[in-house]
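Got your viewer open and a coffee within reach? Here is the model for this tour, with a suggestion at each stop for what to select next.

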Amino acid sequence: MSQTTEILKALKRGRKLTQLDALADFGCFRLGARILEISDMDYKILKKTIKSSNGKHFTQYRLAK
């Protein structure tokens, strides 16, 4: 199964994914590219910028309902 398919299944189950989640769960180094592929399949993806406790920013993705 492709990374894109696995990520889409996780999003359909209601998961919110970050790059660290994608790397740990799917071995995916390029979550943004996989999200673009999913968007190109006419799924609406919502993204949220999160600020961690150490001041770093990262993006969290989820599927719109």
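**Stop 1: the salt bridges**

The count of salt bridges in this predicted model comes to two. Side chains of opposite charge can pair when their charged atoms come close.

Start by selecting aspartate 25 and arginine 15 as sticks. They form a salt bridge in which the closest N and O atoms are 2.7 Å apart. Aspartate 25 belongs to helix α2, while arginine 15 sits in the loop between α1 and α2, so this pair ties together parts that are ten residues apart in sequence. Turn on a surface and look at both partners. Aspartate 25 is partly exposed, at 42% relative accessibility, and arginine 15 is partly exposed too, with a relative accessible area of 28%.

Now select arginine 34 and glutamate 37. In this salt bridge the closest N and O atoms are 3.1 Å apart. Both residues lie in helix α3, three residues apart, which is about one turn of the helix. Is arginine 34 buried or exposed? With a relative accessible area of 15%, arginine 34 is buried, because the cut-off for buried is under 20%. Its partner glutamate 37 has a relative accessible area of 33% and is partly exposed.

**Stop 2: where α1 meets α3**

Keep α3 (residues 31-40) on display and add helix α1 (residues 3-12). The two axes come within 10 Å and cross at roughly 75°. That makes α1 roughly perpendicular to α3.

Which residues make the contact? From α1, select Gln3, Thr4, Ile7, Leu8 and Leu11; from α3, select Leu31, Arg34, Ile35, Glu37 and Ile38. Colour them by class and you should find six nonpolar, two polar and two charged residues. Arg34 and Glu37, part of this contact, are the salt-bridge pair from the previous stop.

**Stop 3: the buried side of α1**

Next, hide α3 for a moment and select Thr4, Ile7, Leu8, Ala10 and Leu11, the buried residues of α1. Look down the axis of α1: these buried residues fall within an arc of 160°, so they line one face of the helix. Bring the rest of the model back and you can see what they pack against: α2 (19-26), α3, β1 (45-51) and β2 (57-63).

One residue here deserves a click of its own: threonine 4, in helix α1. Threonine 4 is buried, with a relative accessible area of 10%. Leaving out residues up to four places away in sequence, it touches Arg34, Glu37, Ile38 and Met41. So threonine 4 meets both arginine 34 and glutamate 37, which form a salt bridge with each other.

**Stop 4: the buried side of α3 and what follows**

Switch back to α3 and select its buried residues: Leu31, Ala33, Arg34, Ile35 and Ile38. They pack against α1, α2, β1 and β2.

Then follow the chain onward. α3 is followed by aspartate 42, which has a positive phi of about 75° although it is not a glycine. You will find aspartate 42 in the loop between α3 and β1, and at 74% relative accessibility it counts as exposed. What follows α1? Select glycine 14, whose phi is also positive, near 95°.

**Stop 5: threonine 18**

For the last stop, go to the loop between α1 and α2 and pick threonine 18. It is buried, with a relative accessible area of 10%. Setting aside neighbours within four places in sequence, threonine 18 is in contact with Leu31, Phe58, Thr59 and Gln60. Leu31 is one of the buried residues of α3 that you selected at the previous stop.

To finish, draw a C-alpha to C-alpha distance from threonine 18 to glutamine 60. The two are 42 residues apart in sequence, and 4.6 Å apart in space.

Note on methods
Residues numbered from 1 in each chain as written. Predicted model: local features only at pLDDT ≥ 70, side-chain atom pairs only at ≥ 80, totals over all residues. Heavy atoms only, no water. Axes fitted to C-alpha atoms, helices over the stretch in contact; angles between N-to-C directions. Helix = DSSP H or I, 4+ residues; strand = E, 2+ residues; numbered from the N terminus. Parallel < 35°, antiparallel > 145°, perpendicular 65-115°, else oblique. Contact = heavy atoms within 4.5 Å. Nonpolar A, V, L, I, M, F, W, Y, C, P; charged D, E, K, R; others polar. Buried < 20%, exposed > 50% of the residue type's maximum accessible area, 1.4 Å probe, protein only. Arc of directions from axis to C-beta. Salt bridge = Lys/Arg side-chain N within 4 Å of Asp/Glu carboxyl O.
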